[in-house]
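User: Please take a close look at one helix packing in this protein. I would also like to know how far the model can be trusted.

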Amino acid sequence: GCVLVVSVVEQLAQWHNSTVKAAVERLCNYIPGKYQIICHMLCIDREMNADVVCHSLKLCRQDPGQPLCHLYPPPKKSPVEREKYSPGLFYALAHAGQEHQITSAHSSHICILKSFMGFSSVCAFPLLANLCEKIKYVIRNKLPFEDFDGDKFSTFPTLRGYHWRGRDCDDKNTTVYPGRRPENWDVKSDSNCNGIWGVDPKDGIPYEEKFCKGADSKGVVLLGDSAGAHFHIPPEWMTVTQMSAKSFANLPTALTDELDWPQFSEITGFLNSTIGGWTDSLYLRLRRRNRCNHRDLQNISQNGGSSGNLLYLIKSLARNQLLDNPAIVVYATIGNDVCNGNHDTLAHMTTPKEMFSNVMQALQYLDSHLPNGSHVILTGLVDGRFLWDNLHDRYHPLGQLNRDITYSQLYSFLDCLQVSPCSGWLTSNETLRNLTSERALQLSNVLKEIARSEKFANFNTFYMDFPLRQTAEEWHKMGGEPWQLIEPVDGFHPSQIAAALGTRITWQKALSEWPQVLGKENPFNDQIEAIFKDQGGH
């Protein structure tokens, strides 16, 4: 974190031909409102390599027996070092540390408050304490922070609110929420929040009965990881040539949604994308197919989600077997069962036996909570060799100004720190990349066999491979490049373009192979929309 922030500050100074101190002020002015306090914890007023700054301030450290981690190429060696063949970074660190000790008491030429060193101490600031408590709550419980009636649906967008689950239309009534079967055909009020209620004055028939009876309404639920939650760090946050106050306007939304953007995601997206590409999702297509499905969505995903920790996450599912409509559940943990940041990464991967046990436990839980007539789609793991093959020699957003940081360097830096999102794929070691893909295929085969052989009382089970190859082929036909399918900042997650194209491929497969999953097309869709338009959207 320190290296990233210092890098941005140094590049801002370079781009605007200003002092580093002026660059810090510029960055702070870009950041909205109360979030500026995070920025003002950092003050630097001379230029130094970001690795040198952060190591000399002890925000980065070298543990005994571990390599010295650095993002940038080491500074040039001194004559003495050249004789000793020792890295230039050690020399720079030693001198930076001495200089800091001598001058910091007088001029504070470099200062980072201790508060910058940990999330908990940042939360000690009164302006941020309340926000931190909210974020901790949703990270711990994966439920909406603002949910006054306790039905797991909210009228607030972030903090696991309606960006993640269909928007509640009465947060003071626990019997009113998206996805339930209408109460008395919603003659007097909208019990399922799909916007369809009341009685047609022409014939006295309730609108819900007229338009939705026998329409095979279904919700869509995602059980997934950061790819399903749609993790995204805006590249303009660290690309100084594009940086302005507008770049950080979405910072509050991003932080309170855990740096995820489920409202634009492949399965449950429903808003027009503001992060590039376009939004297409399974939910939007189901809604177009049957307007009665409006708002019936749940994105139950988390950063780092795997078949193991999904067993806890799944308990936040909101579905009543007796009162609610069936659901299409997409089970998609596409990487974290083989991805970890450990140096002995193979030893920490999920085994086929563990995968079978975890998935079966999840399916048994779903069988006891989903209404009859539901469907579950098991999605195979991705072949992550695509990442290294298409990114390793390209420049990362932090390296574009000076052409000095490639994805290969970023991957090595994260791996050295043992915080790589995937040591098995984000590596120059081709053998390790192949072994990781081999394990991913083994785990996908477990899912495929479960879908083939296991039976459940309340849903049918289907399997599909993660459509990376088809997505790349589709994008190539549109004139795109493979690297554009990967998130530019983390170099790991599917981009907005990949999510939208993946939806199209999944939908086409479902239409051709499992039409019963999608339900029939509602013949009254146009009529419903016309009435909505006449009534001003209500």
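Analyst: Here is the helix pair, followed by a pocket and the confidence of the model.

This is a predicted model. Two packed helices are described by the angle between their axes and the distance between the axes. Take helix α12, residues 282–289, and helix α19, residues 496–513. Their axes come within 9 Å. They cross at roughly 50 degrees. That angle is neither under 35 degrees nor in the range 65 to 115, so α12 and α19 are oblique to each other.

Which residues make the contact? From α12 come L282, R285, L286 and R289. From α19 come T503, R504, W507 and L511. By class, four of these contact residues are nonpolar, three are charged and one is polar.

Now the second largest pocket. Its space is about 530 Å³. The lining has 22 residues. P235, W483, I486, E487 and P488 lie nearest the centre of this pocket. Sorted by class, the lining holds 10 nonpolar, nine polar and three charged residues.

How confident is the prediction, and where is pLDDT below 50? The mean pLDDT of the protein chain is 90. A value of 70 or more is reached by 88% of the residues. Residues 99–110 have pLDDT below 50. Beyond near neighbours in sequence, that stretch has 19 contacts in the model. Residues 112–120 also have pLDDT below 50. For this stretch too, 19 contacts are found beyond near neighbours in sequence. Where pLDDT is low, the predicted coordinates should not be read in detail.

Definitions and conventions
Residues are numbered from 1 along each chain as its sequence is written. This is a predicted model: local features need pLDDT of at least 70, side-chain atom pairs count only at pLDDT 80 or more; totals for chains, interfaces and linings use all residues. Side-chain values use heavy atoms; hydrogens and water are left out. Axes are lines fitted to C-alpha atoms, for helices over the stretch in contact, and angles run from 0 to 180 degrees between N-to-C directions. Helices (H or I, at least four residues) and strands (E, at least two) are DSSP runs, numbered from the N terminus. Angles under 35 degrees count as roughly parallel, over 145 as roughly antiparallel, 65 to 115 as roughly perpendicular and the rest as oblique. Contact means heavy atoms within 4.5 Å. Ala, Val, Leu, Ile, Met, Phe, Trp, Tyr, Cys and Pro count as nonpolar, Asp, Glu, Lys and Arg as charged, and the others, Gly among them, as polar. pLDDT is the predictor's confidence in each residue, from 0 to 100. On a 1 Å grid over the protein atoms alone, a cavity is a set of points where a 1.4 Å probe fits but cannot get out, and a pocket is an open set with protein on both sides within 12 Å along at least five of seven lines; lining residues have an atom within 4 Å of a point. Grid points are joined across faces, edges and corners, and a volume is the space filled by probe spheres set on the points.
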